[in-house]
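Thanks for making the time this morning. I would like to walk through one structure with you, going from one local region to the next, and I will keep to what can be read from the coordinates.

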Amino acid sequence: MAAAAKATQAQASNAAWLRFAPLVLVIAAYVFVTVQYLDFVPLWDGAVYYDGARRAIDAVLSTGSLFAAEVHGHVSFAWMLLLSLPTLVAPDDHMVFNAWVIVLAVAAVLGFHRLLETFAGDRAGPWELAPWTAAFAFHPVVTGNWLNPNLDSGLMLFLVFHVLGWVKGRHVLAMLAGLGLVFTKETGLLLYPIAPVAAWIAFPVRRAEWRTAMSLLALLVPAMAFVLYAVAKIWHAGLPLTWQGLGYWQGVGMLETLLRPLNVLHFDAMTAAQLVHAFVLNGQWLFTLMVGTVLVRYWRRPQKDGAGRRAIILLLVVAFASLYAVTRFCPHDNTRYVLPFTWSFVLLGAVTVLLAVDRRMLRTSLAIAAMTLSIAGSFRTIDPVSIRLFGSFDVGEHRMLRMTSIARGCCGYGRDQLVYNLQFANFHYLQNPLFASIRPTAQTVVVQAWDTHWAIQMPLTREEFRRTMSGGDTVTPRYTYLAEFEKLYAGTGEVIYIEYPNADNRRQLERLGQLFRHRWRFTVRRGGYALDAWRFWDRRE
């Protein structure tokens, strides 16, 4: 009997390992890839959010106000405080911060996989589900924006668990995730009702649950908390309720901002860009075609599985209501804005294929194709459709998309817009050998194009001249752009010009050539990527 019991226990253990092994392999692969970027120092908006995160807890403790944790006036204290937890053990270590972000990304992957398991039921085993989970984990826009901190990754994480909470009837989870949504970014207030509404539509037999105390708490607590927050912020602290940038960038007043969610006809160049990001960017059009084709095939079936039909209805509501929400406010054409849609669209595609395609071999082939598309797109710009649609620019031997070409927004060919896969990280990694070759001092003047002049310049470690946001022994050159240079540094006899490839540098180089008699061009290279710089000296009288 004892031997039989041990054999049964061993079989159960093996079965558990076989169940979780595929997911463990996906997570291990994701961690293996992302730890290669532990020494990455954020760029552009990512640098702003990282700086806010590392100060958030101290700011709240010193002022006694949650508003002190927010960045640029965004309703963001929940996400910023969550991001700031590593500062409790390593206040100025960006590698520890990056490791914590990997943990949060893995949490999103686990939530996605749990939903996928729930909707797939007995129709697919763990090895068939794993490629779909990998397709989400390695989705180019997802991986890129986990690396460069922002608020929209927080919206995605909280929305995953908000949906999971309502689908599984875990009301405490739903309530906590709902609080995270409404206190991560203004868009979260629009995303917060989506999960309960979708569950109410898709699961009519469970509507009686809404009358329970826990359901009501999960539904009402986030909304009531936001009302209290708004009163405290406006009347007690005397602060604007939300970020004011939409008025600055698009001339939109407060009334129009408040009414924008109700305007179903709102459509402008930024909206068009976001739709392209959602359905076309970097091979996403192939996934869109697959989802559309399989969805039509499923809906034409004379008999549809009841549970499957409800799952697809829920995901359709979540995906497209999220897309509507995130396209109401688009001050820029940043790819991160569509993250709350992206994860749900991948999940919709996975569930639709699992339910609509009967042949296991074909289902597996489609899952592997989706995974391959995500992984390939995370490391290279390979999609000819996107290259034709956006145009491209060279970064050494590789190319990236001219992400601003559709909406004609700010920032040259793109700054934060370039965070559509992991290639953007080379804007950090190329600067380190460049500055090591220059060995600048605090008096060195470093000029760049105005379109590239936003939160890319950092103090440098004094010994290795690496970009850093930590304290310690650093040196900060005199970073500037051409117009400012001519006003403030008119007598400078020597300058360095960094020819960042995400802008047209011809006018600046021509002007500096008029100001100086001599110039010398030098290039640093890394993994096929390259960054050019110029030394100008001997100023003309």
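**Around Thr-452**

Let me begin with Thr-452, which, once its neighbours within four places in sequence are left aside, is in contact with Arg-415, Tyr-500, Asn-502 and Ala-503. Please keep in mind throughout that this is a predicted model. Thr-452 belongs to the loop that runs between strand S3, residues 445-448, and strand S4, residues 460-461. Is Thr-452 buried or exposed? With a relative accessible area of 1%, Thr-452 counts as buried, because anything under 20% is placed in that class.

Staying with the strand that precedes this loop, S3 is covered on both of its faces, with Val-445 and Val-447 buried on one side and Val-446 and Gln-448 buried on the other. Which strands does S3 pair with? Four bridges join S3 to strand S6, residues 478-481, in a parallel arrangement, and two bridges join S3 to strand S7, residues 494-499, also running parallel. Val-447 appears in both pairings, standing opposite Thr-480 in S6 and opposite Tyr-497 in S7.

That brings me to the nonpolar cores. The largest of them has 152 residues, and the residues with the most contacts inside it are Trp-132, Trp-146, Leu-314 and Trp-343. A second core of 15 residues is separate from it, and includes Val-447 and Tyr-497, the pair I have just mentioned, along with Leu-512 and Phe-536. Going back to the largest core, Trp-132 has contacts beyond its neighbours within four places in sequence, among them Phe-112, Leu-116, Phe-287, Met-290, Val-346 and Leu-366.

On the surface, Val-172, Leu-176, Met-214 and Leu-217 make up a nonpolar patch whose accessible area together is about 340 Å². Helix H8, residues 171-182, and helix H11, residues 213-236, are the elements that give two or more residues to this patch. Met-214, which lies in H11, has a relative accessible area of 36% and is therefore described as partly exposed.

Finally, there is a hairpin formed by strands S1 and S2, with two residues between them, and Gly-396 in its turn has a positive phi of about 70°. Strand S1, residues 392-395, and strand S2, residues 398-401, run antiparallel and are joined by four bridges, and within this pairing Asp-394 stands opposite Arg-399 in S2.

Note on methods
Residues are numbered from 1 along each chain as its sequence is written. This is a predicted model: local features need pLDDT of at least 70, side-chain atom pairs count only at pLDDT 80 or more; totals for chains, interfaces and linings use all residues. Side-chain values use heavy atoms; hydrogens and water are left out. Two strands pair if DSSP finds at least two bridges between them. Patches are made of residues with over 30% relative accessible area and no salt bridge: like charges are joined within 9 Å, nonpolar side chains (Val, Leu, Ile, Met, Phe, Trp, Tyr) within 5 Å. Accessible areas come from the Shrake-Rupley method with a 1.4 Å probe; for residues, only the protein chains shown count as cover. A salt bridge is a side-chain nitrogen of Lys or Arg within 4 Å of a carboxyl oxygen of Asp or Glu. Buried means under 20% relative accessible area, exposed over 50%, partly exposed in between (1.4 Å probe, protein chains only). A nonpolar core is a set of buried Ala, Val, Leu, Ile, Met, Phe, Trp, Tyr and Cys residues joined through side-chain atoms within 4.5 Å. Contact means heavy atoms within 4.5 Å.
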